[in-house]
Structure formats: structure tokens, C-alpha cells
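Colleague: Please take me through one part of this model closely, strand by strand if need be. I have the sequence and the structure open, so keep it brisk.

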Amino acid sequence: FQDMVEEARLSARALIDYGEHFFNPTVRLGVTGLSRAGKTVFITALIHGLTRGGRFPVFEAYASGRIARAHLAPQPDDAVPRFAYENHLRALVEERRWPNSTVDISELRLVIDYQRPNGADRTLTLDIVDYPGEWLLDLPLLQKSYEQWSAESLALSREAPRAHLATEWHAHLATLKPGAREDEQATLTAAKLFTDYLRACRDERFAMSLLPPGRFLMPGNLAGSPALTFAPLDVPAGGQAPEGSLWAMMVRRFEAYKDVVVRPFFRDHFARLDRQIVLADALAAFNSGPEALHDLEAALAGILDCFNIGRSTILSSLFRPRIDRILFAATKADHLHHSSHDRLEAVLRRAVSRAVARAEDTGAAIDVVALAAVRATREAQVAHGRDKLPSILGTPAAGESAGGEFFDGNTEVATFPGDLPLDPEPLFNGRDAFQGLSTHAAEKSDFRFLRFRPPKLEREGADEPTLPHIRLDRALQFLIGDKLA
Ligand code: GDP
């Protein structure tokens with residue numbers, strides 16, 4: 001019955017969307033990616049570029065002058081927070097610091113007045129929906145029992161390199177008796193230690209991606225609620241929880257998590273997207289080693305699986321606007337010399353290749369790009385001994401350090417980022433082939449993880465300064481170019 005009500009709600013919602021779309025062509029663009037992938041920076045740069053005259057030579061409608069104007073409008077969904085564009089922009093441009101990252105869903109509406117190639121004036125409404133990619137990884141939970149999920153999470157946490165991050169949580173787990181009376185304090189501690197473990201896995205050095213339940217690290221407005229306070233127990237996969245037990249309490253909360261968190265998200269937000277960009281910090285995974293790359297691969301496959309599921313019901317094919325374009329983007333390409341941008345793209349292409357092959361008959365067009373939404377570096381040839389090396393220049397953020405040197409946030413340094421390999425395959429095939437991002441000269445300092453400050457913008461005459469980027473226009477062309485033709 002619950003499913004029927006849900007389907008009815010979905011089709012009603014879809015009809016409304018359809019009606020709106022008929023009179024006012026609207027594209028709902030989902031922007032997602034795991035935490036720190038670059039969603040906030042991407043959306044801020046995209047809006048700034050479109051509203052303030054960015055340089056987008058590859059975005060055809062824009063470059064040919066057919067876009068008369070793009071402006072922000074009140075966003076349509078009253079229950080969704082607005083993307084804090086103005087704050088983010090102020091941080092980036094005036095304070096030259098990176099804006100606060102995505103922690104919840106948010107939305108913004110951009111209205112684009114343009115001219116069709118035949119001269120007719122039209123308007124396209126672009127609703128940009130920003131949400132944590134972690135939430136998508138929850139979809140498989142809907143088909144799992146608490147016991148199955150527990151068993152899987154435990155098995156995963158006993159593998160390297162996760163095992164030693166889980167020590168404290170495992171120690172606490174060993175003291176818990178699943179059949180004992182339900183116990184709020186024990187549950188709170190278990191949930192906290194389990195969350196700490198998940199967070200440690202996400203740490204830069206490990207950069208693990210596959211960590212459901214997604215809200216544990218990205219709680220949004222549900223932080224601290226019972227539906228988010230549970231953890232795995234060492235219980236048999238086919239077992240049955242005794243009434244009133246700790247185990248039964250965990251089961252109840254796990255089910256609540258599915259009902260109040262996972263289902264509503266997919267129904268109210270995910271199912272309504274038309275286009276999707278999935279951002280990935282492939283460079284960070286690459287730098288952490290093959291486990292992190294495999295992990296990213298699995299996470300991206302999990303994300304892509306979500307895009308297949310929405311197509312399976314008759315209702316969805318009749319009414320629901322369906323995602324028909326998905327772009328995977330490797331972000332922060334400005335950490336590399338331009339000669340490596342195609343190679344970064346190749347790494348990401350390889351990471352999604354298997355998942356894409358599985359998703360081929362869904363009809364969605366899928367592409368891959370390496371980009372920097374905001375380019376924080378410049379390129380130069382820098383003398384190194386007798387050689388001239390292709391380098392990147394950037395201002396490391398205050399407090400960053402490399403090779404024993406601390407930066408004050410105002411000093412530009414040259415780094416030799418090294419080349420990515422031509423063939424990404426060996427990176428995925430075990431430790432021996434993996435060398436990380438080699439530095440050209442035998443640099444002792446490790447500049448790879450340096451966080452650069454956003455660039456200083458030069459004003460040209462009276463014009464607003466624009467934000468430099470790498471291939472943001474290519475992303476735009478793929479995502480909405482056809483809607484402006
Ligand atoms: P979110 O969690 O997906 O919203 O990620 P953010 O957009 O907040 O980005 C996380 C961090 O990645 C930022 O604070 C920056 O340090 C870095 N970053 C994101 N985009 C870029 C980019 O285009 N260039 C550079 N150099 N750094 C970026």
C-alpha cells in the first residue's frame with residue numbers, strides 16, 4: 001500500500017513538473033560528488049560566469065552571443081534551502097578563500113534569456129540542485145536488512161587499510177551483547193565511534209569513498225536524530241532480533257533511516273532531475289594509492305547505479321523527467337600542468353568505464369571531463385638546475401607546509417606537479433605499478449597536496465573581473481548546450 005501511495009505521489013509530482021516544463025522549459029541540473037569534490041566551487045563559478053560575463057569559448061550559445069542575459073530568480077521549492085551563492089562568491093572573490101562546502105541539499109534558480117539560432121527569443125530556466133553524493137550511496141540500503149548491512153560493514157572494516165582505523169570502534173563493539181536490553185548510551189557511543197571510523201576513512205591520506213550510510217558523514221539537518229543513531233552489531237545475517245533488545249533497537253532505527261531519510265530524498269529530489277554532473281576528486285584518490293582509486297571506482301559505480309533504477313517502472317517512463325545526460329568531472333585540474341589534463345580525464349574515464357558499460361542501454365549520454373571550476377594556478381617554465389621545467393605557480397593557503405617550509409598565504413610558489421601516466425591502466429592494477437604523482441626533479445618536498453588560495457582577480461577596465469577556469473565551458477556545453485539550440 002505504501003508503495004502505491006508513493007507511486008501516486010510521484011506521478012502527481014511528475015505531472016506538475018511536466019506542466020511547468022511545458023510552459024516554461026526548465027532543466028533541473030543535479031550537482032553531486034563526494035564531500036570536498038568541488039560542488040560548491042563549481043556551482044558558484046558556473047553562476048558567476050553566466051551572470052557576469054565569464055569566458056566560455058566552448059559553450060556555443062554563450063560564445064556566439066545568443067545568450068542575452070542570465071539572472072537569478074527565487075527558487076521554486078519552499079522546503080529546500082537556497083544555495084548561498086552570494087556568501088560563497090564573497091569568500092572566493094573578496095576574501096580569496098574557498099567557500100564552505102556542501103553539507104546539505106540546496107537549490108538555486110537561474111533564468112537564461114537566449115535567442116535560438118533561427119532568431120526566436122526564448123527563456124530557459126535552470127534549477128541547480130546541489131546535494132552530497134554520499135546520499136546516493138544509500139540507495140542499496142533499501143534492499144538490505146539491518147543484519148545484512150551489519151555483516152557487510154563489519155567485513156569491510158576488517159580489510160586493510162580500514163582495519164586499523166576501526167580499532168576503537170571494534171573494541172567497543174566487542175563489549176556489546178546484541179541480545180541484551182536496549183541501551184541508549186551504548187547505542188550513542190557505538191554510533192559515535194562508528195562515525196569516527198567512517199570519518200577517518202574519508203581523511204585525505206586514505207580518501208576512501210564507499211561509506212554508507214551517507215548521512216553519518218553528511219547529516220544535513222538531521223544531525224543527532226535517532227534515525228542517525230545506530231551502528232552495526234556482530235549479529236548473524238539471517239538472525240532475528242529478540243524483542244526489547246539492543247539489536248531490536250538498532251533494527252528499528254535502521255528502518256527509520258530508510259523511511260525518513262533515504263526514500264524521501266530519492267522520491268522528492270533525485271527522481272526529478274533532468275541532467276546530472278558528478279564531480280570527483282580523482283587526483284586525491286590517485287595520490288592516495290590504488291585502494292583509494294578502486295574505492296572511488298566503486299563509489300562512482302554505486303552513484304551510476306542510481307541513475308539506472310529510476311527508469312525501471314512504467315510510471316517513470318511515462319511521466320518522470322529522466323536524467324538523459326550524465327557528466328563525470330575530475331575537479332581541481334589546475335593542480336596539474338595542462339599537458340596532463342587529458343590524462344586526468346583518462347584516469348576518471350577508466351574509473352567509470354565498467355559502470356558505464358553496465359549503464360549503456362539506459363539511453364543516457366555519458367561523458368567525462370577534467371576541469372577546474374576556479375583556476376587557482378598559472379603555468380610557467382621554471383629553471384631547475386640546467387633544465388626548464390613546466391611548472392605551476394600558485395599561492396599556498398596560510399598554514400600550508402611542504403618540505404619543512406610553512407606558507408603565510410601571500411607568497412606565490414612554483415611547483416613541479418609531475419606528469420600523469422599516459423596509460424591509466426597500471427594505476428588500477430596493484431601497488432607495484434603505482435608510484436603516485438612523481439615529481440620531475442627529485443624534490444624532497446611534497447607539493448602534491450598543497451591547497452592553493454583562490455586566484456587574485458585582475459580588473460580589466462570597468463568590467464567585473466571574471467573567474468579563470470579550466471574546461472568549465474565544455475561541461476556547460478555538454479550539460480545544457482542542446483537546450484539552448
Ligand atoms: P564540496 O564539498 O563538494 O562542496 O567541495 P568544495 O566545492 O567546497 O571544494 C572543496 C575544496 O576543494 C575547496 O575548499 C578547495 O580547496 C578545493 N577546490 C574545489 N574546486 C577547486 C578548483 O577548481 N581548483 C582548486 N585549486 N581547488 C578547488
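Modeller: Two strands count as paired if DSSP finds at least two bridges between them. By that rule, β8 and strand β9 (residues 387–394) pair over seven bridges, in the antiparallel sense. One of the residue matches puts Glu379 with Ile392 in β9 as its bridge partner. Keep that rule in mind for the part I will look at most closely, the sheet that holds β3. One caution: this is a predicted model.

Start with the overall setting. The protein has 485 residues, and 41% of them count as buried. It contains 15 helices and 12 strands. Of the contacts with a separation of 6 or more, 77% join residues 24 or more positions apart.

Now the sheet. It is open and has seven strands. Read across it and the order is β2-β3-β4-β1-β5-β6-β7, with mixed pairing. β2 (67–73) and β7 (365–370) stand at the edges. Each has a single partner strand, so one side of each is left without a neighbour in the sheet. From one strand to the next, the twist averages 20°.

Go in from the β2 edge. β2 and strand β3 (residues 106–115) run antiparallel, joined by six bridges. Two matches help you find the register. Ala70 has Ile112 in β3 as its bridge partner. Ile67 stands opposite Tyr114, also in β3.

On its other pairing, β3 meets β4. These two strands also run antiparallel, and 10 bridges join them. Here Arg109 stands opposite Asp127 in β4. β3 and β4 form a hairpin, with five residues between them. In the turn, look at Gly119: it has a positive phi of about 100°.

β3 has two unlike faces. Ser106, Leu108, Leu110, Ile112 and Tyr114 make up the covered one. Glu107, Arg109, Val111, Asp113 and Gln115 make up the uncovered one. Put the matches on top of that. Ile112, the partner of Ala70, is on the covered face. So is Tyr114, which stands opposite Ile67. Arg109, opposite Asp127 in β4, belongs to the uncovered face.

Next, the helices that sit on this sheet. α2 packs on it, touching β1 (26–33), β2, β3, β4 (121–130) and β5 (275–280). The direction of α2 makes about 145° with that of β1. Helix α13 (residues 341–358) lies across β5, β6 (325–330) and β7. α13 runs at about 150° to β7.

α2 has a helix partner as well. Helix α2 (residues 39–51) packs with helix α4 (residues 85–94) at an angle of about 95°. Their axes are 10 Å apart. Angles of 65 to 115 degrees count as roughly perpendicular. α2 and α4 are therefore roughly perpendicular to each other. From α2, the residues that meet α4 are Thr40, Thr44, Ile47 and His48. From α4, they are Tyr85, His88, Leu89 and Leu92. By class, this contact has four nonpolar residues, four polar and no charged. One general point helps in reading such a list. An α-helix has 3.6 residues a turn, so residues three or four places apart point the same way.

α2 also leads to the ligand. The shell around the ligand has 20 residues, and the closest are Gly38, Lys39, Thr40, Trp98 and Ser101. α2 gives the largest share of that shell, three residues. The shell divides into eight nonpolar, seven polar and five charged residues. Thr40 deserves a second look: it is one of the closest residues to the ligand, and it is also among the α2 residues that meet α4.

Near the other end of the strand order, find the loop between α12 (314–318) and β6. Arg322 lies in it. This residue has 17 C-beta neighbours inside 10 Å, so Arg322 counts as partly exposed. Arg322 and Leu273 are 49 residues apart in sequence, but their C-alpha atoms are 6.6 Å apart in space.

Last, the other sheet, which holds the β8 and β9 pair. It is open, with three strands in the order β8-β9-β12, and the pairing is antiparallel. β8 (378–384) and β12 (413–415) stand at its edges with a single partner strand each, so one side of each has no neighbour in the sheet. The twist here averages 50° from one strand to the next.

Key. Residues are numbered from 1 along each chain as its sequence is written. This is a predicted model: local features need pLDDT of at least 70, side-chain atom pairs count only at pLDDT 80 or more; totals for chains, interfaces and linings use all residues. Helices (H or I, at least four residues) and strands (E, at least two) are DSSP runs, numbered from the N terminus. A residue is buried if 20 or more other C-beta atoms lie within 10 Å of its own, exposed if 12 or fewer, and partly exposed in between; C-beta atoms are placed from the backbone. Two residues are in contact if their C-beta atoms, placed from the backbone, lie within 7 Å. Axes are lines fitted to C-alpha atoms, for helices over the stretch in contact, and angles run from 0 to 180 degrees between N-to-C directions. Angles under 35 degrees count as roughly parallel, over 145 as roughly antiparallel, 65 to 115 as roughly perpendicular and the rest as oblique. Ala, Val, Leu, Ile, Met, Phe, Trp, Tyr, Cys and Pro count as nonpolar, Asp, Glu, Lys and Arg as charged, and the others, Gly among them, as polar. A residue is near a molecule or strand if its C-beta atom, placed from the backbone, lies within 6 Å of it.
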